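Work through the exercises below with the structure open beside you. Try each task before reading its solution.

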Amino acid sequence: MTICRVLRRKRGFPAPLTSRIPQTVSLTEATVMNEAAAKPAKPHLPDAQTVTSVTHWTDRLFSFRVTRPKSLRFRSGEFVMIGLMGDNGKPLLRAYSIASPAWDDELEFYSIKVPDGPLTSKLQHIQVGDEIILRPKPVGTLVHDALLPGKRIWFLSTGTGFAPFASLLREPETYEKYESVIMMHTCREVSELEYGRKLVESLHDDPLIGEMVAGKLKYYPTTTREPSPLMGRITDNLLSGKVFADLGLPPMNVEDDRAMVCGSLAFNHDVKVVLEKFGLHEGANSEPLEYVVEKAFVGDGI
Ligand code: FAD
Ligand code: A2P
């Protein structure tokens with residue numbers, strides 16, 4: 001049995017629908033059930049999925065889980081378009097990295113709350129049982145197929161750019177392909193690291209992923225505007241060599257190191273310059289090389 005099948009079974013898929021239908025239903029009850037099924041209480045959204053949990057991490061960050069369309073197949077690290085119905089009656093959609101791994105039976109997202117943002121000013125109020133729109137067409141460059149084989153994989157992210165790595169960190173292939181997995185995540189303040197910190201902690205306790213992670217995963221969270229054990233921008237910590245010294249690793253080199261990048265446009269630009277200095281080249285699905293980049297959002301930040 002593959003590791004993914006084991007994980008799916010371990011986490012428990014819901015029982016098939018037929019086994020959940022009560023076996024003894026009177027005619028009256030059956031009629032009521034049929035009428036209820038024929039007339040939904042409220043109209044369904046197109047490509048609707050139901051919210052199963054919501055967690056607010058700070059006043060600017062939250063995560064949520066939704067049901068997964070049965071037909072949706074994606075590669076860990078990809079993104080989809082999700083949203084809500086706009087006031088004009090048209091879908092209001094935005095790109096979102098899927099934060100859960102490809103084997104999970106639900107989908108998880110990690111989101112910013114932009115105070116006046118057309119989508120997130122509303123999305124931040126979703127509750128369990130609500131519906132969101134999810135277009136089942138996953139795409140993206142932060143996938144294992146877009147990199148040449150290597151010894152070490154570096155996940156480099158700022159802010160909500162952690163989201164695709166929340167997926168890849170829970171993906172068994174990540175640990176099968178690499179000897180070391182280095183997760184660098186930088187935010188302005190400590191509280192903004194919390195979602196990532198909790199997720200990384202949970203990996204070590206996971207009965208199945210835990211064994212694969214042990215000794216391989218190196219987590220390097222830093223802040224830039226509030227004191228914390230590790231400080232500084234990712235670009236600075238790579239260029240100064242501090243992160244290599246702290247983790248006991250050699251400087252990046254083109255033979256052994258691979259990287260995936262997800263952050264603001266400014267971060268992505270600057271970290272690319274650093275990776276190129278170490279001799280790495282940008283790849284893509286169509287031409288796998290040594291690093292790949294995805295935008296965490298479009299714009300200058302809030
Ligand atoms: P928008 O009008 O879309 O944005 C308003 C402004 O808010 C932007 O100009 C920008 O300055 C700022 N902003 C937008 N998103 C962010 C962010 N994530 N972090 C910091 N500032 C931001 N967002 C997520 O929260 N989680 C994700 O996993 C995610 N994945 C994305 C993947 C891709 C490929 C792209 C292109 C974007 C992704 N985004 C993600 C951004 C997302 O598409 C929306 O921009 C965001 O949800 C805000 O939507 P909005 O309509 O409220 O505001
Ligand atoms: P800094 O506080 O020094 O600007 P933001 O919230 O603006 O998107 O930033 C998230 C994190 O990314 C912050 O810690 C920020 O550091 C860092 N950052 C922003 N721009 C860059 C960049 N061009 N290169 C490296 N790190 C950056």
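**Exercise 1. The antiparallel sheet**

Task: Start from Gly83 and find its bridge partner in β6. Then place the two strands in their sheet and name the edges.

Solution.
- Step 1. This is a predicted model. In it, Gly83 has Ile133 of β6 as its bridge partner.
- Step 2. Widen the view to the strands. β3 covers residues 79–85 and β6 covers residues 131–139. Four bridges join them, in the antiparallel sense.
- Step 3. Now turn to β1, residues 48–56. β1 also pairs with β6 in the antiparallel sense, here over three bridges. Within this pairing, Thr50 stands opposite Glu131.
- Step 4. Read off the whole sheet. The order is β4-β3-β6-β1-β2-β5, six strands in an open sheet with antiparallel pairing.
- Step 5. Find the edges. β4 (91–97) and β5 (106–112) each have a single partner strand, so one side of each has no neighbour in the sheet.
- Step 6. Add the twist. Neighbouring strands of this sheet are turned by 40° against each other on average, direction ignored.

**Exercise 2. The parallel sheet**

Task: Determine the strand order of the five-stranded sheet, and say which helix packs on β8 and β9.

Solution.
- Step 1. The order is β9-β8-β7-β10-β11. The sheet is open, and the pairing is parallel.
- Step 2. β9 (217–223) and β11 are the edge strands, each pairing on one side only.
- Step 3. From one strand to the next, the twist averages 10°.
- Step 4. Look at one pair. β10 (residues 257–263) runs parallel to β11, and five bridges join them. Met260 stands opposite Val292 in β11.
- Step 5. The helix is α7, residues 194–205. α7 packs on the sheet and touches β8 and β9. Its direction makes about 165° with that of β9.

**Exercise 3. The shell around ligand 1**

Task: Describe which residues surround ligand 1, and explain where the ligand lies relative to the two domains.

Solution.
- Step 1. There are 26 residues around ligand 1. Gly117, Leu119, Thr120, Phe297 and Gly299 come nearest.
- Step 2. Sort the shell by class. It holds 13 nonpolar, nine polar and four charged residues.
- Step 3. Sort it by element. β4, β5, α4 (120–123) and β11 (291–295) each supply at least two residues. The largest share, four residues, comes from β4.
- Step 4. Bring in the domains. Domain 1 (44–139) and domain 2 (144–295) both give residues to this shell, so ligand 1 lies between them.

**Exercise 4. The shell around ligand 2**

Task: Find which element gives the largest share of the shell around ligand 2.

Solution.
- Step 1. The shell has 15 residues, and the closest are Thr158, Thr224, Arg233, Ala266 and Asp270.
- Step 2. The elements giving two or more residues are β8 (180–187), α9 (234–239) and α11 (265–277).
- Step 3. α11 gives the largest share, with three residues.
- Step 4. By class, four residues of the shell are nonpolar, seven polar and four charged.

**Exercise 5. Confidence**

Task: Decide where the model calls for caution.

Solution.
- Step 1. Take the chain as a whole. The mean pLDDT is 88, and 84% of the residues reach 70 or more.
- Step 2. Look at residues 1–40. Their pLDDT stays under 50. The model has 15 contacts beyond four places in sequence for them.
- Step 3. Apply the general rule. Where pLDDT is low, predicted coordinates should not be read in detail.

Note on methods:
Residues are numbered from 1 along each chain as its sequence is written. Chains are lettered from A and ligands numbered from 1 in the order in which they are written. This is a predicted model: local features need pLDDT of at least 70, side-chain atom pairs count only at pLDDT 80 or more; totals for chains, interfaces and linings use all residues. Two strands pair if DSSP finds at least two bridges between them. Axes are lines fitted to C-alpha atoms, for helices over the stretch in contact, and angles run from 0 to 180 degrees between N-to-C directions. A residue is near a molecule or strand if its C-beta atom, placed from the backbone, lies within 6 Å of it. Ala, Val, Leu, Ile, Met, Phe, Trp, Tyr, Cys and Pro count as nonpolar, Asp, Glu, Lys and Arg as charged, and the others, Gly among them, as polar. Domain bounds come from an automatic or database domain assignment. pLDDT is the predictor's confidence in each residue, from 0 to 100. Two residues are in contact if their C-beta atoms, placed from the backbone, lie within 7 Å.
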